[in-house]
Amino acid sequence: NYFMRITRKDEKTLRNSKKYMVIETRKDGVRFTTSTLRELGKRHKQISSSYEEQQQELLEAAMQVMASYTPAIEDLNMLIAELDVLLTFAHVSANAPAPYVRPTMEAAGSG
């Protein structure tokens, strides 16, 4: 709930007014509210609750959309990994101190 606070010495202005409702008197001052402020506080709470619900719905919808991209992202991950390996082989071959050649495959046991 929302409230306003005034000093204890100014509390006299609230005492005889029906417009203000004293919530609490403390050492540091008097906390009070009005019927309008209470209604606005309730309205704010309702709107905030509605906002949170709508935000949750949007989050769930966004998560579903993102989940639908998972297979494509996994495929892309594999392609990038393969490309990384092939580019690394090409880089090592191009920058080697001795030229790389394609290996010759021989029958098992002949070498």
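**Exercise 1. In which order do the three strands of the open sheet stand, and with which pairing?**

Before solving, note that this is a predicted model, in which local features need pLDDT of at least 70 and side-chain atom pairs count only at pLDDT 80 or more, while totals for chains, interfaces and linings use all residues. Residues are numbered from 1 along each chain as its sequence is written, and side-chain values use heavy atoms, with hydrogens and water left out.

*Solution.* Step 1: strands are DSSP runs (E, at least two residues), as helices are (H or I, at least four), numbered from the N terminus, and two strands pair if DSSP finds at least two bridges between them.

Step 2: strand S1 (residues 4–6) is joined to S3 by three bridges and runs antiparallel to it, with Ile6 standing opposite Val30 in S3.

Step 3: strand S2 (residues 20–26) is joined to S3 by six bridges, again antiparallel, and among the bridge partners are Val22 with Phe32 and Glu24 with Arg31. S2 and S3 form a hairpin with two residues between them.

Step 4: the order is therefore S1-S3-S2, with antiparallel pairing. S1 and S2 stand at the edges, each with a single partner strand, so one side of each has no neighbour in the sheet. Neighbouring strands are turned by 30° against each other on average, direction ignored, where axes are lines fitted to C-alpha atoms (for helices over the stretch in contact) and angles in general run from 0 to 180 degrees between N-to-C directions.

**Exercise 2. Describe the surroundings of Thr34**.

*Solution.* Step 1: Thr34 belongs to strand S3 (residues 29–34).

Step 2: with a 1.4 Å probe and protein chains only, buried means under 20% relative accessible area, exposed over 50%, and partly exposed in between. Thr34 counts as buried because its relative accessibility is 11%. Five of the six residues of S3 are buried, so the strand is largely enclosed by the rest of the structure.

Step 3: contact means heavy atoms within 4.5 Å, and Thr34, leaving aside its neighbours within four places in sequence, is in contact with Met4, Lys19, Tyr20 and Met21.

Step 4: a polar atom of the Thr34 side chain lies 3.0 Å from the backbone nitrogen of Leu37.

Step 5: helix H2 (residues 35–68) lies across S1, S2 and S3, running at about 75° to S3.

**Exercise 3. How many aromatic pairs does a search of the whole structure find?** **Describe the geometry and the setting.**

*Solution.* Step 1: rings of Phe, Tyr and Trp (its six-membered ring) pair if their centres lie within 6.5 Å, and planes under 30 degrees apart count as stacked, over 60 as edge-to-face and the rest as tilted.

Step 2: the search finds one aromatic pair. The ring centres of Tyr20 and Phe32 are 5.5 Å apart and the planes stand at 90°, so the pair is edge-to-face.

Step 3: this pair links distant parts of the chain, since Tyr20 is in strand S2 and Phe32 in strand S3, 12 residues apart.

Step 4: Tyr20 counts as partly exposed because its relative accessibility is 28%, whereas Phe32, with a relative accessible area of 6%, is buried.

**Exercise 4. Which element has the lowest mean pLDDT, and which the highest?**

*Solution.* Step 1: pLDDT is the predictor's confidence in each residue, from 0 to 100, and the protein chain has a mean of 92, with 99% of its residues reaching 70 or more.

Step 2: helix H1 (residues 12–15) has the lowest mean (84) and H2 the highest (96).

Terms used. A polar contact is a pair of N or O atoms within 3.5 Å; within protein, one must be able to donate a hydrogen and the other to accept it, and residues adjacent in sequence count only if both atoms are side-chain atoms.
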